[in-house]
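Me: I'm new to this one, so could you walk me through it with a few questions and answers?

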Amino acid sequence: MAVIVRAGAAPMWWPGLLAAAIGALVPGLTGRRIGLLSGAALFLITAAVVALVRSRRYAELAGGATRAGRSDFLQDRAVTVRNWRRGHRWWLLGAFLVAVASAFLLPGAGGMVLAGAGAGLWIKAVRIGRREHRDDALYWVRTDWVERGRPAGKRVKGYRTTGPVAGDAAPGGARRRR
């Protein structure tokens with residue numbers, strides 16, 4: 001489950017930083033200093049909001065998690081990441097283009113918002129990983145319940161658990177070290 005959350009972190013973080021760097025080269029209407037300072041503030045606000053949104057729903061689903069059965073289909077980490085990124089590639093491209101275009105108004109701010117969203121997703125995945133480590137279990141979402149990459153959406157009735165060595169993901173959705 002943390003793999004789905006973490007899948008969007010890198011595709012938002014790196015293009016966000018690139019858009020902020022491009023935005024820093026453009027003077028914009030407000031000037032570079034105001035744009036970059038407001039971008040830094042927006043980065044912190046966006047990261048905090050993304051990290052905290054729906055955290056109660058995640059905790060509620062994790063609290064009621066059941067052991068994964070034989071009939072549950074649990075996806076490989078690489079397949080989950082690839083599916084999420086393919087499903088959201090046009091949204092990510094659009095967000096990058098908007099972040100670059102916003103540099104003409106407020107230099108660097110749009111890119112920092114995009115990077116803040118990526119950082120917030122990474123923080124959320126780390127928090128889920130701490131819970132998985134504490135509970136000594138990995139949380140999974142059945143693939144038929146996940147709608148458009150939402151691990152806590154309306155269709156998700158509960159999480160499944162396996163042992164911490166199951167699968168190819170470490171707690172928090174990171175790639176397992178071999």
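Me: Which residues does Tyr58 touch, not counting those up to four places away in sequence?
Reply: Happy to help! This is a predicted model, where local features need pLDDT of at least 70, side-chain atom pairs count only at pLDDT 80 or more, and totals for chains, interfaces and linings use all residues. Residues are numbered from 1 along each chain as its sequence is written, and side-chain values use heavy atoms, leaving out hydrogens and water. With contact meaning heavy atoms within 4.5 Å, Tyr58 touches Met1, Val5, Val53, Lys124, Ile128, Pro151, Ala152 and Tyr159.

Me: How many residues does the largest nonpolar core have?
Reply: Such a core is a set of buried (under 20% relative accessible area, 1.4 Å probe, protein chains only) Ala, Val, Leu, Ile, Met, Phe, Trp, Tyr and Cys residues joined through side-chain atoms within 4.5 Å. Met1, Met12, Tyr58 and Tyr159 have the most contacts inside the largest one, and its residue count is 27.

Me: Is Thr80 buried or exposed?
Reply: Thr80 lies in helix H5, helices being DSSP runs of H or I with at least four residues, and strands E runs of at least two, numbered from the N terminus. Leaving aside neighbours within four places in sequence, Thr80 is in contact with Val3, Ile4 and Gln75. Because its relative accessible area is 12%, Thr80 is buried.

Me: In E3, what is the bridge partner of Tyr139?
Reply: Two strands pair if DSSP finds at least two bridges between them. Three bridges join E2 to strand E3 (residues 160-162), and these strands run antiparallel. In E3, the partner of Tyr139 is Thr161.

How values were computed: Buried < 20%, exposed > 50% of the residue type's maximum accessible area, 1.4 Å probe, protein only.
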